[in-house]
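Visitor: I'm new to looking at protein models, and I'd like to learn how to read one. Could you walk me through it?

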Amino acid sequence: MEMLAPLIFIALLATAGFLFYKKASLIKKTILLGKSEIQYNDSARRWKQVLLLAFGQKKMFKNPLVAFLHLIIYAGFVIINIEVLEIIIDGLTGKHRVFLPYIGNYYSFFINVFELLAFGVTVVCIVFLVRRNVLYIKRLASNDLAGWPKTDANLILVVEIVLMTLFFLMNAADQTLQGIDPTHYPATGSFIISSNLVPLLNQFSPTTLMIIERGAWWLHIIGILAFLNYLPYSKHLHIILAFPTAYYSALEPAGKMKNMPSVQNEVLYAMDPSKAPTDAAPPTTFGAKDIFDLNWKSLMEAYSCTECGRCSAACPATTTGKLLSPRKIMMATRDRLEVVAQNIQKNTNFVDDQKTLLHDYISVEELRACTTCNACVEACPVSLSPLDIIMELRRSLIMEESNAPSEWNNTFSNIENNFAPWKFSPEDRENWAKEN
Amino acid sequence: MKVNTMAEMMASGTMPEYLFWVGCAGSFDQRAQKITKAFALILDKVGISYAVLGKEEACTGDPARRAGNEFLFQMMAYQNIQVMNAYGVKKIITTCPHCFNTIKNEYPELGGNYEVIHHTTLLQSLINEGKIVLKEGGVFKGKKISYHDSCYLGRANNIYEAPRKVLEILDAELIEMKRCRSNGLCCGAGGAQMFKEEEAGTTRINIERAEEAVATGAQIIASACPFCNTMMTDGIKNKEKENEMAVLDIAELIAESMA
């Protein structure tokens, strides 16, 4: 068994790593189906955004209490991973607490820090479960999350609580065994949280204790590897993608809309035919009808969205009962991406499924309700932009389908003929100065 | 009121310091015309040299672009940039945050490079330079004023302080609405919504915003955008508070207070 354990561990680790790599590659491939027409310069400012938004969680602190709770889970996740490193080395080498001989007395200090964080994570996960399921918090109780998204959110919290519990159980059984079998379980000193469980375990035989200790150890690491592989199917993927997303988030003023150089040139050639190159090919499509027409950044953002709903809580359309919800825009885009990814996996290349993001996943009514006020982008802790997606879909609606409400068609014709959105004569533009 | 056009200035061989971009609302909307006049009055009193494009001004294309009609936007942008570049325009002031945003952020990559200033920013610097002198006593002294953030000034362009700093000289009591600055609630007009009926919902956006405005107990809602002004005025009428509250542009508040 002692020879076999490292082999089983290596097999587990390799399988988990391979499966994660495969799924991550598929997601990357799917994201890169998007257009790549934008240059992302100024890496110094972009790294600053990664530090502020992703590492520093600056925008989370608009609500300091929730930000603090989230920070505990985040810090716990990052710091407890140092302990996971030891667990992995132990697993590979068949050793037990491999760092202990090297750092001696400091060992219990480190484990105590991990245990305190793990305790914090457990408490916060319970608080978050209560917030999601008992208290009424509008953005968490919203219909956007009906069904799988709500289960996903609860599952993440429960799994985290289970993982932390296994970590405590493993440490508690270990401490109990230290008094019985010091050669296999060298003394570490008492651990601040798990030592409280020792009195409960004293009643068990050494064999039972070893089963508990080993059982908790294996379940803990299997749980972590399983959770890693769950990430790509879950909203929890934000723990990875929040970082690149922050890097690529807009540096320009939020009011600036993405230019369409193809249309710009079309207009230029129409106004000044001498500038038109003889071989100019007319643009093929305008705006986005499906995910292939969106910028790859928007597609990555759909995978980064953790469905917190701060965007929709700030959206003037959502809060006044319109069908539009910016969170749903991100979720619908990801749903479509998942379907496209499966399609590609099955058929090697995408085979037309008679569906598009526009109409089948996001309706005209939703798109029409946006006031382009940027509240969603501002509210998002990592500055995802549902607005970019909405605008590209609107462009497709107008320029590909001529699908506009009649009032807008009047507005367009007024702008074109009278140079103002209302039906006034351009001759009267200075009249304000004449009247008293 | 005598307002010079760029064409007249050019004919007389002079160039104004600023082009005053009036915008469609400021030119044609009866309510917004008052804002335009108030701002022109301030410019005259302070002695700033400016001119308008008059008949040569056309919609910036903002509502067309945001509705999704990029062709129309590009046509309008092309036309406006041709006109402004022909006059050698360098500095532009405007009372409309939508025009401000489009000319400042979206015209440069189409060949229109200008220094664009919103009127609240200009007013703030005029105040800092001591060029705006108010009447004795203060017309709005002690009045409760609440400033409604325009999305295209605030979140779109990070201008939150200039309008508030301008209001400070009125010696009024400034109250913030529940959602203000970067959390400010839209009036409901942006993204070409001004020109169509709202989608079905539980309430209208401008009514929701008006409720917040009413809750402050302010006598004056200060706006910095002609579209916000319309939406807030309608919202307050809907709440039947039009006799207790007025929606006034910051330019109007300053113009009325100036000596």
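Guide: Let's go through helices, domains, chains and strands, one at a time. Keep in mind that this is a predicted model.

Visitor: Let's start with helices. At what angle do helix 3 and helix 5 of chain A pack?

Guide: When you look at two helices, check the angle and the spacing of their axes. Here, helix 3 (residues 64–93) and helix 5 (residues 106–133) of chain A pack at about 140 degrees, and their axes are 9 Å apart. Angles over 145 degrees would count as roughly antiparallel, so helix 3 and helix 5 of chain A are called oblique to each other. Their crossing is left-handed.

Visitor: Which residues of helix 3 and helix 5 of chain A meet there?

Guide: From helix 3 of chain A, the list includes A:L69, A:I72, A:G76 and A:E83. Among their partners in helix 5 of chain A are A:F114, A:L117, A:G120 and A:V124. Sorted by class, this contact has 12 nonpolar, 2 polar and 1 charged residues.

Visitor: Now zoom out a bit. Into which domains is chain A divided?

Guide: A domain may be made of separate stretches of a chain, so read its bounds with care: domain 1 of chain A covers 4–31 + 63–248, while domain 2 covers 261–427. The centres of these two domains, taken over C-alpha atoms, are 41 Å apart. Their contact takes 21 residues from domain 1 and 24 residues from domain 2 of chain A.

Visitor: Which helix of chain A gives the most to domain 1's side of that contact?

Guide: That's helix 10 of chain A, with 7 residues. The whole domain 1 side divides into 12 nonpolar, 5 polar and 4 charged residues.

Visitor: What about the two chains? How many residues of each are in contact?

Guide: The size of an interface is often given as the accessible area lost when the parts come together. We'll count residues instead: 58 residues of chain B are in contact with 55 residues of chain A. On chain B's side, helix 5 of chain B supplies the largest share, 7 residues. By class, that side has 24 nonpolar, 20 polar and 14 charged residues.

Visitor: And strands? Do strand 5 and strand 6 of chain B run parallel or antiparallel?

Guide: In a regular strand the side chains alternate between the two faces of the sheet. In chain B, strand 5 (residues 144–147) and strand 6 (residues 173–175) run parallel, joined by 3 bridges. Strand 5 of chain B is also parallel to strand 7 (residues 220–223) of chain B, again with 3 bridges. Try finding B:I145: it stands opposite B:L174 in strand 6 of chain B, and its bridge partner in strand 7 of chain B is B:I220.

Terms used: Residues are numbered from 1 along each chain as its sequence is written. Chains are lettered from A and ligands numbered from 1 in the order in which they are written. This is a predicted model: local features need pLDDT of at least 70, side-chain atom pairs count only at pLDDT 80 or more; totals for chains, interfaces and linings use all residues. Two strands pair if DSSP finds at least two bridges between them. Helices (H or I, at least four residues) and strands (E, at least two) are DSSP runs, numbered from the N terminus. Two residues are in contact if their C-beta atoms, placed from the backbone, lie within 7 Å. Ala, Val, Leu, Ile, Met, Phe, Trp, Tyr, Cys and Pro count as nonpolar, Asp, Glu, Lys and Arg as charged, and the others, Gly among them, as polar. Domain bounds come from an automatic or database domain assignment. Axes are lines fitted to C-alpha atoms, for helices over the stretch in contact, and angles run from 0 to 180 degrees between N-to-C directions. Angles under 35 degrees count as roughly parallel, over 145 as roughly antiparallel, 65 to 115 as roughly perpendicular and the rest as oblique. A crossing is left-handed if the near helix is turned anticlockwise from the far one by less than a right angle, and right-handed if clockwise.
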